[in-house]
Amino acid sequence: MNAASARVREQLTVLRRHLRTQAILDEATARLATRLNIRPGEAAEQLARMARHSGLELTEVARGIERPIEQELERPEVPEWVNGMLAGVHASALYLTPVQDDAGRIVDFLVVAANEHARTPAGRSAADLTGCRLLTVSPGVGGSGLLDDYIAVYESGESLYRMPMEFVEAVDYRLWPATLAVRAARVDRGLLVSWRMLDDEELLVSGWERAQRLAELGWGEWNLATERTLWTPQMYEMFGRDRADGPMSLEELPGVVVPEDLPVVDEQIRSLLEFREAVENEFRIQHRHGVRHLCVYSEPLLDPEGLLLKVRFLVQDVTKNRRRERALAVAHERATKERERAEQEHRVTVQLQNTILPLRRGLISLPGLAVGVRYLPGEELTRLGGDWFKARLITDGRVLLAIGDAMGHGLTAASIMLQMRSGLAGLAYTGAPAGQLATWLNDLIVHSNEEVTVTGTAIIGHFDPERRTFAWTSAGHPAPVLIRDGTGRLVEGPTGTLLGAFDAAEFDMTVTQLEPGDTLLMYTDGVVERRGQDLDAGIAALVHASHSCVGDDPEQTIDCLLRRLGADSSTDDVCVIAARVL
């Protein structure tokens with residue numbers, strides 16, 4: 001509480017300092033405008049130039065502007081009807097005539113007559129005002145813009161009414177704030193100006209009217225005895241009714257209600273008229289701009305005998321709230337359906353992956369090789385991808401080693417992965433070299449998905465256990481890493497196009513000679529790709545980590561690599577093959 005109070009005091013201090021500064025500037029501007037016979041806006045510019053040229057603060061320059069010597073201006077003869085007109089105004093009133101510069105522009109007004117009620121916020125009375133220039137006796141008209149308004153009224157002939165208006169008078173650098181209701185109209189060759197300082201009750205009423213507009217509240221009263229109806233202005237807006245037609249009678253109300261909500265209104269009227277009970281309900285009406293939702297608080301007013309005399313309604317337009325609630329409900333429903341669809345897709349994808357890749361980790365013994373495999377599916381539903389691997393003996397005695405990644409995530413990626421892996425498994429029985437297998441696999445993907453373009457990457461190769469060679473091809477996939485004598489390096493070779501990217505594709509072959517103790521690493525991008533990091537940097541990190549992760553057990557090698565790269569907690573799919581040459 002102390003901190004809050006301190007903040008309030010601090011803000012009040014800042015505000016008052018600002019108002020004092022503004023009072024100094026307003027009064028200096030009015031004095032300069034009067035002395036030079038120019039408009040306040042031009043005087044303010046002149047004041048700013050004086051501050052720039054002198055190097056002083058604007059307020060220091062303003063304090064040096066002395067009050068101009070009062071010049072006797074020719075006062076026009078005031079017709080008797082002017083005094084009669086002013087006497088009939090039950091508020092502060094002045095009759096003004098224009099003061100012009102050499103070019104004939106109006107720059108100020110001369111107070112030629114004032115009624116007995118005339119009193120400025122600073123306390124100046126009729127005797128102090130008559131015969132003086134308006135800017136001299138009321139500098140606040142310049143800073144508030146009222147002088148510009150008065151000039152516009154005089155030149156255009158259109159009347160002015162401003163209520164409520166926050167007005168700050170500045171006299172001898174002191175502030176005299178007030179809330180005014182101001183009127184101005186051209187009368188003959190002069191200007192009739194009147195103003196009235198609003199009391200507390202009027203300020204509360206004015207504030208309530210503003211609150212009604214902001215909160216879209218309206219109030220109505222139906223007098224059943226006199227059949228007279230009273231409506232606040234906001235009620236006309238809420239019911240879409242022209243003010244010239246007057247308020248709607250109580251019996252007309254059901255006629256504008258949406259048919260589905262008529263039972264609600266019928267019950268409301270019955271509760272009011274028969275049971276004499278206050279009611280709170282909500283119904284829709286047909287507005288000229290569409291359907292509106294109204295929340296209505298209604299109460300009966302009874303005489304001492306219990307006879308119903310009046311019905312009062314407090315109405316709030318809650319259309320925006322209902323539309324917002326409806327939009328949120330639709331969005332929630334869509335999000336729920338999307339989440340359910342994603343969860344269903346995730347379940348299907350997981351089942352499909354489990355069917356295709358039942359072995360997620362382990363050690364496979366193949367001729368001339370000990371092969372460690374690891375597959376870690378993405379943790380997030382949206383990141384579950386299409387990574388796959390293949391390590392198996394084929395009929396001619398060679399070992400097929402392959403790894404790939406179907407582009408995308410979710411069920412689509414899993415289905416493409418199934419095409420690639422199962423297609424390769426069937427094609428491998430032909431004994432064709434890896435380059436030809438990649439070409440056939442590309443044809444299979446292209447012609448099986450003609451309506452949409454699907455792509456993937458892969459490394460496909462054969463290990464010959466007798467020659468210890470690995471004949472392989474790359475279809476847009478990161479190059480393998482060879483660990484030899486405790487040092488890792490990328491295995492250089494041509495990188496072909498993505499599978500499925502073109503109708504016809506050919507893939508070059510690379511033959512890599514291996515030695516006993518070598519470990520060949522093949523991996524997907526989930527191992528080396530990190531947000532905000534270049535892919536080449538990720539591959540370089542893998543090569544560097546491989547120097548410290550060499551060993552006789554391929555599974556331990558994989559564990560070490562994933563731990564050092566942080567890939568064991570990757571949100572994307574991670575797939576690794578570590579083939580150690582025996």
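Thr524 is buried in this predicted model, because its relative accessibility is 0%, where anything under 20% counts as buried. Thr524 sits in the loop that runs between β21 (519–523) and α16 (525–528). Setting aside residues up to four places away in sequence, Thr524 touches Asp387, Ile403, Gly404, Asp405, His477, Asp573, Val574 and Cys575. Readers who select Thr524 in the viewer will thus find partners on both sides of it in the numbering, including Asp387 and Cys575.

A nonpolar core offers another buried region to look at. The largest such core has 42 residues, and the members that touch the most others are Phe109, Leu134 and Tyr150. Leu134 makes a handy starting point: apart from residues up to four places away in sequence, Leu134 is in touch with Leu94, Leu96, Asp108, Phe109, Val111, Val141, Leu147 and Tyr150. Phe109 and Tyr150 are therefore among the contacts of Leu134, with contact meaning heavy atoms within 4.5 Å.

Attention now turns to helix packing. Two packed helices are described by the angle between their axes and the distance between the axes. Helix α17 (residues 535–546) and helix α18 (residues 554–565) have axes that come within 10 Å and cross at roughly 130 degrees. This angle makes α17 oblique to α18, and the crossing of the two helices is right-handed. On the α17 side, the contact is made by Ala541, Leu542, Ala545 and Ser546, while α18 contributes Leu561, Arg564 and Leu565. Sorted by class, the residues in the contact of α17 with α18 are 5 nonpolar, 1 polar and 1 charged.

Trp440 belongs to helix α15 (residues 434–448). With a relative accessibility of 32%, Trp440 counts as partly exposed. Beyond its neighbours within four places in sequence, Trp440 is in contact with Leu427, Thr430 and Ala432. The C-alpha atom of Trp440 is also separated by 8.7 Å from that of Leu424, a residue 16 positions away along the chain.

Two backbone positions round off the picture. Most residues other than glycine have a negative phi. Asn37, which is not a glycine, has a positive phi of about 55 degrees, and Asn37 is located in the loop between α1 (2–36) and α2 (40–54). Arg468, also a residue other than glycine, has a positive phi near 55 degrees. The loop holding Arg468 links β15 (456–464) and β16 (469–475), and Arg468 counts as partly exposed because its relative accessibility is 32%.

Definitions and conventions:
Residues are numbered from 1 along each chain as its sequence is written. This is a predicted model: local features need pLDDT of at least 70, side-chain atom pairs count only at pLDDT 80 or more; totals for chains, interfaces and linings use all residues. Side-chain values use heavy atoms; hydrogens and water are left out. Axes are lines fitted to C-alpha atoms, for helices over the stretch in contact, and angles run from 0 to 180 degrees between N-to-C directions. Helices (H or I, at least four residues) and strands (E, at least two) are DSSP runs, numbered from the N terminus. Angles under 35 degrees count as roughly parallel, over 145 as roughly antiparallel, 65 to 115 as roughly perpendicular and the rest as oblique. A crossing is left-handed if the near helix is turned anticlockwise from the far one by less than a right angle, and right-handed if clockwise. Ala, Val, Leu, Ile, Met, Phe, Trp, Tyr, Cys and Pro count as nonpolar, Asp, Glu, Lys and Arg as charged, and the others, Gly among them, as polar. A nonpolar core is a set of buried Ala, Val, Leu, Ile, Met, Phe, Trp, Tyr and Cys residues joined through side-chain atoms within 4.5 Å. Buried means under 20% relative accessible area, exposed over 50%, partly exposed in between (1.4 Å probe, protein chains only).
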